[in-house]
Amino acid sequence: MKEEINLQQLTLLLTERADISRQQAEAFLKKFFTAIPEILSKENLLEIKNLGTFTLTKISDEDDAKAAKEENDNTLYFKLRFSPAETLKNSTNKPFLYFEKILLNEGVSFEELTVVEEKEEKVTAEEILIKIDRNKAFVPNIKTKQKTKKKPIARWMPVLGAAAVVVALIFFFMSTQRKAQALKINTEKVTVKTITNETPEPDLAVSTDSSQTPNPLPKEPEKIQLAPDKTLRLIALEKFGNREFWVYIYYKNKDKIKNPNIVPIGIELIMPDKSEYDIDASNPQSVAKAKALGDMELKKFQ
Amino acid sequence: MTNEDFVNALSQQLNLEPSKTLELLTTTVNIINEKLVEGACISIEDFGILDTKKKPEYIFVEQKNQQRFLAPPEITVVFKPNSSFIDKIKEKAV
């Protein structure tokens, strides 16, 4: 799974590297990211050294633009392009940087590969086509344009959006049900306690009538034996849905693990309870917190 | 707008010395670049996503002599703006 860096994580990194306060770093980053579209809305080009160039060009010769012009004179088309800086381009493409085009002999064929004619190859950066209907301003309508093929991603956006809303509703409904269930159990536990306090032999009363009362014993913590091909990160990914939660497994087993980088194979690890450390893979703040703690712990062993 | 103008614009808005703004900008760009090289993506609310994408190898045909070449794969940086970014651009036309 691809690591996703959000504003919060970027703020933490900038705070560390630039030796400034967190508020200053956050204010700078917010301004940095909001200034880019603001500047592009006034000027057509913005060059950021070592990052790349954002260009916004008005187009008039596109087929779509022509067709729209016939229907409605108030429709405008803009092309947004980001061209990465040469240094960034080379460093991200490091694995293939020294590969060159190889002349193919006749008879050699790669049926599964796309064939690109010379004239088509010129377009390398991905472009975003922005349609602006001045009658219906501020209604987003994005089309992604890549090379000469048109990909109707925008057509699927409402369907995907609706599916995302349904999934979110299901999760919300399930979590509220779980909370309600937990509350119910808690109230039942309280009732049991008050009853047992009144009875002269509380232990007997609870154990003999276990079918009617919920089990008051605390849940046994889960234990896992570290397999040769496993790491704390892999276990965290399997158990909690994100690698960054490895640090809590480390905390829970700190008495057995001297160095989190060297964990002995076969060691029995006690799994932390999700509620104990606020483990929630769906919450970016929880993931960011775990990452920050993890980085802090790892620094101790560098 | 050039990098220098961008630094000046940010300095004015943040009420910072241009040299300090340049330092912060350089550090920010370095962090973004490092993370992109590591294979992570930068996802920012009100901006969009900066991500890397692998373009597979392909056969390139030269127009003049119809010679065929096997072109290597390439990892490129792509930017996908989100709706807030697009809205700000749209203000230009209205």
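Okay, let's start with A:Glu297, which is buried, at a relative accessible area of 3%. Keep in mind that this is a predicted model. So what does A:Glu297 touch, once neighbours within four places in sequence are left aside? The list is A:Trp246, A:Val247, A:Tyr250, A:Tyr251 and A:Lys254.

A:Glu297 sits in helix 10 of chain A, and that helix deserves a minute. Helix 10 covers residues 284-299. Does the length work out, and what should 16 residues span? At 1.5 Å a residue you expect 22 Å, and the end C-alpha atoms are 22 Å apart, so the two agree.

Which residues of helix 10 are buried? Besides A:Glu297, we have A:Ser286, A:Val287, A:Ala288, A:Ala290, A:Lys291, A:Gly294 and A:Leu298. If you're looking at the spacing in that list, remember that an α-helix has 3.6 residues a turn, so residues three or four places apart point the same way. The buried residues of helix 10 pack against three other helices of chain A: helix 1 (7-18), helix 7 (232-240) and helix 8 (246-252). And at the start of helix 10, a side-chain oxygen of A:Asn283 comes to within 3.0 Å of the backbone nitrogen of A:Gln285.

Zooming out to chain A as a whole. You get 10 helices and 11 strands, and of the 302 residues, 31% count as buried. If you take contacts in chain A with a separation of 6 or more, 54% of them are between residues 24 or more positions apart. The accessible surface is about 20,300 Å², with 55% of that belonging to carbon and sulfur atoms.

Now the part I like, the sheets that use both chains. There's an open sheet of four strands, in the order 1(A)-1(B)-2(B)-5(B), with mixed pairing. Its edges are strand 1 (4-5) of chain A and strand 5 (74-81) of chain B, and each of those pairs on one side only. Where the chains meet, strand 1 of chain A runs parallel to strand 1 of chain B, residues 41-44, with two bridges joining them. One residue pair to click on there: A:Glu4 has B:Cys41 as its bridge partner. At the other end of the sheet, strand 2 and strand 5 of chain B are antiparallel and joined by eight bridges. B:Lys54, for instance, stands opposite B:Ile75.

Stay on strand 5 of chain B for a moment. Is this strand enclosed or open? Six of its eight residues are buried, so strand 5 is largely enclosed by the rest of the structure. Take B:Val77, which belongs to that strand and is buried at a relative accessible area of 5%. B:Val77 lies 25 residues from B:Thr52 in sequence, yet their C-alpha atoms are 4.4 Å apart. Not counting residues up to four places away in sequence, B:Val77 touches both chains: A:Phe82, A:Pro84, A:Leu88 and A:Thr92 on one, and B:Leu36, B:Leu50, B:Asp51 and B:Thr52 on the other.

There's another open sheet of four strands, ordered 5(A)-4(B)-3(B)-6(A), again with mixed pairing. Here strand 5 (102-103) and strand 6 (115-117) of chain A are at the edges with a single partner strand each, so one side of each has no neighbour in the sheet. In between, strand 3 (58-61) and strand 4 (68-71) of chain B run antiparallel with four bridges, and B:Ile59 is partnered with B:Leu70.

Last topic, the rings. The count is 20 aromatic pairs over all chains. One is A:Phe54 with A:Phe82: centres 4.8 Å apart, planes at 45°, so that pair is tilted. A:Phe54 is in strand 3 (52-59) of chain A and A:Phe82 in strand 4 (75-84), 28 residues apart. Both A:Phe54 and A:Phe82 are buried. Chain B has a tilted pair too, B:Phe47 and B:Phe79, at 4.9 Å centre to centre and 40° between the planes. B:Phe47 is in the loop between strand 1 and strand 2 of chain B, while B:Phe79 is back in strand 5, 32 residues away. B:Phe47 is buried at 1% relative accessibility, and B:Phe79 is buried at 5%.

Finally, ring pairs link these four into a cluster that also includes A:Phe28, A:Phe32, A:Phe33, B:Phe6 and B:Phe85. That's what I have, over to you.

Notes
Residues are numbered from 1 along each chain as its sequence is written. Chains are lettered from A and ligands numbered from 1 in the order in which they are written. This is a predicted model: local features need pLDDT of at least 70, side-chain atom pairs count only at pLDDT 80 or more; totals for chains, interfaces and linings use all residues. Side-chain values use heavy atoms; hydrogens and water are left out. The expected span of a helix is 1.5 Å times one less than its number of residues. Buried means under 20% relative accessible area, exposed over 50%, partly exposed in between (1.4 Å probe, protein chains only). Contact means heavy atoms within 4.5 Å. A polar contact is a pair of N or O atoms within 3.5 Å; within protein, one must be able to donate a hydrogen and the other to accept it, and residues adjacent in sequence count only if both atoms are side-chain atoms. Accessible areas come from the Shrake-Rupley method with a 1.4 Å probe; for residues, only the protein chains shown count as cover. Two strands pair if DSSP finds at least two bridges between them. Rings of Phe, Tyr and Trp (its six-membered ring) pair if their centres lie within 6.5 Å; planes under 30 degrees apart count as stacked, over 60 as edge-to-face and the rest as tilted.
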